[in-house]
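Open the model in your viewer and switch to a cartoon view. Keep the selection box ready. Where should a tour of this fold begin?

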Amino acid sequence: MPELVTDFVRDGGTYMILQTKEGLRPEDLNRVQRSMLAAVTVPNLLRLDIREIDYQISLHYDITGKRMLSQCLRSDKISMPEFYGLLLQVVAVLEDSKRYMLSPSGFLLDETHIFVEEPLSSGAMYFTYVPWKEAPPGLPLSQSLLSLITRMLTCVSRVEGDGIPQLVRLCGDELFSLGELKKMLLHLLSDEPSAKSMSGERVGERKSILNEPLPRMVPRPAVSSSRSAVVKEYVPTDISTTTQSSKLSGATAHDSTDANAIRETWPGLEDEAMAAVVTRIKPTYLVLGLLLVDALGWKFLYLDRPGTLGLALGALLTVLLGVTGVVLWRKFCSSSISQEEEAGDVPEESLGSLGTLRPLGFTNEREFDSSSLGEHAAISERSESAAKVSMEAFVPRSGLPDMRVEPSGSVIPEPESEVRFSPPTVLLSRSALAGQDNPARERIPRYYLERYESAGGTAERIPLTPGSFVIGRSEDIAQYVENTSGVSRAHVEILVTSHGCTLKDLGSTNGTYLNGENVAPYKEYPLQNDDVFVLAETRFKFGVEAA
């Protein structure tokens with residue numbers, strides 16, 4: 001599949017722009033699908049605006065008022081029925097696309113190209129569709145859905161039942177179909193106890209999600225606070241994303257343990273492990289099989305039609321089967337003997353050749369000829385030197401000369417001028433470990449933020465650690481909790497690397513202003529020294545200082 005380049009802009013709304021590195025041309029897109037998408041509003045598809053300049057095409061998707069699925073998976077928690085309901089939305093959109101002459105291969109089924117009207121538990125999902133003229137090679141639909149299921153599973157608060165193994169087996173089946181997946185999801189929804197206990201109004205609301213989008217739900221502003229109170233320790237993005245389902249409170253820690261136990265006891269895992277065990281044919285079965293073949297041969301060759309030719313063929317068949325049986329019998333016997341030798345203990349001679357007796361100071365009395373002496377000299381020398389160094393590290397030396405034990409039992413002192421193969425370990429100082437002893441080493445600058453309230457006052461200094469640093473209202477997501485009214489749960493993310501820092505708005509409700517300009521969501525902006533960005537009524541000034 002051609003590598004798509006994603007960008008985000010604000011132009012009377014928020015738009016996601018897709019292009020390729022080589023550039024999209026009109027002949028790369030399907031004219032019928034282009035006309036269909038321009039004339040008809042397809043449910044649960046992002047509205048597409050195709051713009052062409054100098055025979056170069058860019059695809060503009062309207063994402064105004066929607067959140068990227070990857071951000072929802074980091075911040076929201078859903079139950080198993082809600083998880084099945086979201087998957088049912090995906091299947092329904094893929095099936096209904098055929099009514100609009102669209103192909104399922106044109107959907108981008110990854111969390112960075114799927115958007116949700118919040119909240120995730122009951123919101124409608126919107127998909128990105130590219131009207132390719134010829135579908136580029138890529139993952140099959142079943143594998144794309146399996147990858148999406150795996151990513152969405154990270155936001156499930158508690159995994160229950162055997163629905164997940166069933167979905168995995170179906171997506172891995174060669175006879176996979178969207179119809180079968182839909183039937184399975186409906187069956188799993190009907191079997192969920194929490195789904196049965198829903199009121200009729202709630203069930204009707206869930207069914208309406210599959211047909212028409214819900215109105216956008218705007219969160220109520222939080223209680224205003226003059227100061228922030230919590231600074232959380234940095235957690236890397238890749239780890240925090242994949243372990244979001246395990247960050248529960250103390251009351252639900254036992255539930256997460258039960259969920260892990262359920263994953264470990266999924267049905268089918270034992271069958272796969274047993275399938276890898278190769279069954280061994282017993283020699284008795286081989287003899288019985290050869291006798292049965294010989295008897296059938298005599299019946300068809302001689303007993304049904306007695307004659308000289310049949311007698312000769314029967315005798316020849318018996319001889320051939322006898323030779324085959326002898327050969328196979330010897331083969332089985334030799335294989336069983338080799339397996340017993342492998343399972344047995346290692347002989348003492350092999351221990352000596354491997355150097356396990358050398359560290360104890362003993363040598364074998366085996367005599368080597370001139371051909372084998374050169375082959376084993378290097379191994380013996382290395383093992384003796386390694387043993388000598390290891391013994392020196394643990395045995396205190398009080399001026400005694402080195403000793404060597406001969407096979408006869410006599411002790412001979414080693415010469416004092418023997419070269420040491422390995423120098424002793426040197427304990428480095430803290431300054432050497434930190435690189436302070438090397439003035440030529442590159443110094444990594446330190447980054448920080450200065451927070452200013454709208455009412456003025458003293459600035460609050462916030463150090464930035466390498467990795468992802470999120471600012472927002474949610475204590476479960478943000479590394480710095482900002483309780484000012486108008487700040488979203490996960491408002492902005494600052495990515496700190498050795499090459500600099502970037503600022504990215506995470507689809508906040510009220511937006512982010514960088515140096516007076518309203519930034520586009522999900523787009524990274526490089527930060528320079530003394531840059532100022534504003535969240536609601538709070539200003540943050542970015543600073544850099546030498547290490």
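This tour of a predicted model visits two sheets, a helix pair and two loop residues.

**Stop 1: the sheet of four strands**

Select β1, β2, β3 and β4. These four strands form an open sheet. Their order is β1-β2-β4-β3, and the pairing is antiparallel. Strands of a sheet pair through backbone hydrogen bonds, either parallel or antiparallel.

Which strands stand at the edges? They are β1 (4–10) and β3 (48–53). Each has a single partner strand, so one side of each is left without a neighbour in the sheet. Now turn the view to look along the sheet. From one strand to the next, the twist averages 25°.

**Stop 2: the hairpin**

Keep β1 and β2 on screen. Together they form a hairpin, with three residues between them. Pick Gly12 in the turn; its phi is positive, at about 75°. Follow the two strands away from the turn. They pair in the antiparallel sense over seven bridges. Click Thr6, and you will find Leu18 of β2 opposite.

**Stop 3: across to β4**

Stay on β2, residues 14–20, and add β4, residues 56–62. This pair is antiparallel too, with four bridges. Select Leu18 again. Its bridge partner in β4 is Leu59. So far, then, Leu18 has Thr6 opposite and Leu59 as a bridge partner. Next, select Met16. Opposite Met16 stands Tyr61 in β4.

Is β2 mostly covered or mostly open? Mostly covered: six of its seven residues are buried.

**Stop 4: the sheet of three strands**

Hide the first sheet and select β5, β6 and β7. Here is another open sheet, with three strands in the order β5-β6-β7 and antiparallel pairing. The edge strands are β5 (67–68) and β7 (125–127). Each of the two has a single partner strand, so one side of each is left without a neighbour in the sheet.

Zoom in on β5 and β6, the latter covering residues 114–116. Two bridges join them in the antiparallel sense. Select Arg67 and look across to β6. The bridge partner there is Val116.

**Stop 5: a pair of helices**

Now select α4 (residues 141–152) and α5 (residues 163–171). Two packed helices are described by the angle between their axes and the distance between the axes. For α4 and α5, the angle is about 155° and the axes are 9 Å apart. That makes α4 roughly antiparallel to α5, since the cut-off for this term is over 145 degrees. The crossing of the two helices is left-handed.

Which residues make the contact? Show side chains for Ser142, Gln143, Leu146 and Ile149 on α4. Then add Leu167, Val168 and Cys171 on α5. By class, five residues in this contact are nonpolar, two are polar and none is charged.

**Stop 6: two loop residues**

Jump to Asn515. It lies in the loop between β16 (512–514) and β17 (517–518). Asn515 is not a glycine, yet its phi is positive, at about 55°. Its relative accessibility is 48%, so Asn515 counts as partly exposed.

Move on to Tyr522, in the loop between β17 and β18 (524–526). This residue is not a glycine either, and it has a positive phi of about 65°. Is Tyr522 buried or exposed? Show the surface to check. Tyr522 is buried, with a relative accessible area of 9%, because buried means under 20%.

Methods: Residues numbered from 1 in each chain as written. Predicted model: local features only at pLDDT ≥ 70, side-chain atom pairs only at ≥ 80, totals over all residues. Heavy atoms only, no water. Buried < 20%, exposed > 50% of the residue type's maximum accessible area, 1.4 Å probe, protein only. Axes fitted to C-alpha atoms, helices over the stretch in contact; angles between N-to-C directions. Parallel < 35°, antiparallel > 145°, perpendicular 65-115°, else oblique. Left-handed = near helix turned anticlockwise from the far one by under 90°. Contact = heavy atoms within 4.5 Å. Nonpolar A, V, L, I, M, F, W, Y, C, P; charged D, E, K, R; others polar. Pairing = 2+ DSSP bridges.
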